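Please open the model in your viewer and keep the selection tool at hand, as this tour moves from one selection to the next.

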Amino acid sequence: MALLSSQPCFARRMHSLPLSSFHKPTINSTTTNLDNSDKTRLLHKPKRVWIWTENKEVMTSAIERGWNTFIFPSKLQHLAHHWSSVAVICPLFVDEGEILDGQNNRVATIFDVSSPDELERLRPEDAQAENIVINFLDWQVIPAENIIAAFQSSQKTVFAISNNTSEAQIFLEALEHGIDGIVLKVEDVEPVLELKGYFDRRTEESNILSLTKATVTRVQVAGMGDRVCVDLCSLMRPGEGLLVGSFARGLFLVHSECLESNYIASRPFRVNAGPVHAYVAVPGDKTCYLSELKTGKEVIVVDQEGKQRIAIVGRVKIETRPLLLVEAKRDSDDQTISILLQNAETVAMVCSPQGNTLLKTAIPVTSLKVGDEVLLRVQGEARHTGIEIQEFIVEN
């Protein structure tokens, strides 16, 4: 019971978990001019999650995932006391449009929004608490964007009440940076698991992938095959592409078609990735076959320095085209890694950086020769349904 009567746990919560940080992004009219790395940083500003539930299984699942701030109706203080006896939680209580802590200190103000007029009249200075919780009674995407625009210069921390992960994701990403936090109001465990999975995928983007240099040992015409063009819902920049390979143990960084060509207009949303059998890296440290990609699936876009971000597949085209076999070896071992790619000037492999500079971005496969250096992602050999496993395997 000490949690409810000692120093407010809400104040202590401010310093506990990364997803509950009080850092607030600064947004201005230049947001649309940000490059991909800036956009990724905005999406990864620390977000806060409060859980509104009366379901003990939801509570347990949330705590296991690092979220311990829970909201209760004021009449259910006994439930908060009971949960506090079995787990370390931070209980908050809803009372007439206010959210209070265990000592009746105002923590947040709730605003119900059901019409454009109510949204227009909402002002940051109207709230006496430092946190504002918006409850969209008639939920739509545009109001979420309007809230972000209205509060961008405010020092308030803005939450939105969400009943499912799809809503929460839009709130967290609206206008590229999203609101500061989510109040997940659910009585089922599944949305908690889904929201944690969403945060895990976004956190993964901030990790730098280790790419290694490989030397091309063979370039050979291979004949005809069904190759896959992956068109993304995002534009790629020079040096970016997808990790693709014939074997899971080594994925080559295949460049996008963002570079200018004498033969065809650039298509910075496209990667001519390879044949249907090839592996491609997807979020969660997994792979899938290129033939399995379809509209709406996610892939990892990686640049020359190993920075990664998640992109959505907009379209996949499979066509029969002439192929080239490319083999390469790392300096550190004698193991051969291979990939098949379309024999075309617009298909390129990302180069290894030269010293501390990125002098050259990519080499078209039609110009590739023995001795050229390309970038490779080395990982575990064995995969089951795209997940790395430990087992004996030989792939040639």
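Which residue in S7 does Asn131 stand opposite? Select Asn131 and look across to S7, where Thr157 stands opposite. Before going further, note that this is a predicted model, in which local features need pLDDT of at least 70 and side-chain atom pairs count only at pLDDT 80 or more, while totals for chains, interfaces and linings use all residues. Residues are numbered from 1 along each chain as its sequence is written, and side-chain values use heavy atoms, with hydrogens and water left out.

**The barrel**

Now select strand S6 (residues 131-136) together with strand S7 (residues 157-162), which run parallel and are joined by four bridges. Strands here are DSSP runs of E of at least two residues and helices are runs of H or I of at least four, both numbered from the N terminus; two strands pair if DSSP finds at least two bridges between them. Widen the selection to S1-S2-S3-S4-S5-S6-S7-S8, and you have a closed barrel of eight strands with mixed pairing. Neighbouring strands of this sheet are turned by 30 degrees against each other on average, direction ignored.

Next, add helix H8 (residues 165-173), which lies across S6, S7 and strand S8 (181-185) and runs at about 160 degrees to S7. Contact means heavy atoms within 4.5 Å, and angles run from 0 to 180 degrees between N-to-C directions, with axes fitted to C-alpha atoms, for helices over the stretch in contact.

**Aromatic pairs**

The structure holds eight aromatic pairs, a pair being rings of Phe, Tyr or Trp (its six-membered ring) with centres within 6.5 Å, counted as stacked when the planes are under 30 degrees apart, edge-to-face over 60 and tilted for the rest. Select Trp67 and Phe199, an edge-to-face pair at 6.0 Å centre to centre with 70 degrees between the planes. Trp67 lies in the loop between helix H4 (56-64) and strand S2 (69-73) and Phe199 in helix H9 (residues 189-205), so the pair ties together parts that are 132 residues apart in sequence.

Then select Phe70 and Trp83, also edge-to-face, at 6.0 Å centre to centre and 80 degrees between the planes. Phe70 belongs to strand S2 and Trp83 to helix H5 (residues 77-86), so this pair ties together parts that are 13 residues apart in sequence. Adding Phe72 and Phe93 to Phe70 and Trp83 shows one aromatic cluster.

**Charges over rings**

Finally, select Trp52 with Lys185, which lies over the face of Trp52 at 4.1 Å from the ring centre; a charge sits over a ring if NZ of Lys or CZ of Arg is within 6 Å of the ring centre and within 35 degrees of the ring normal.
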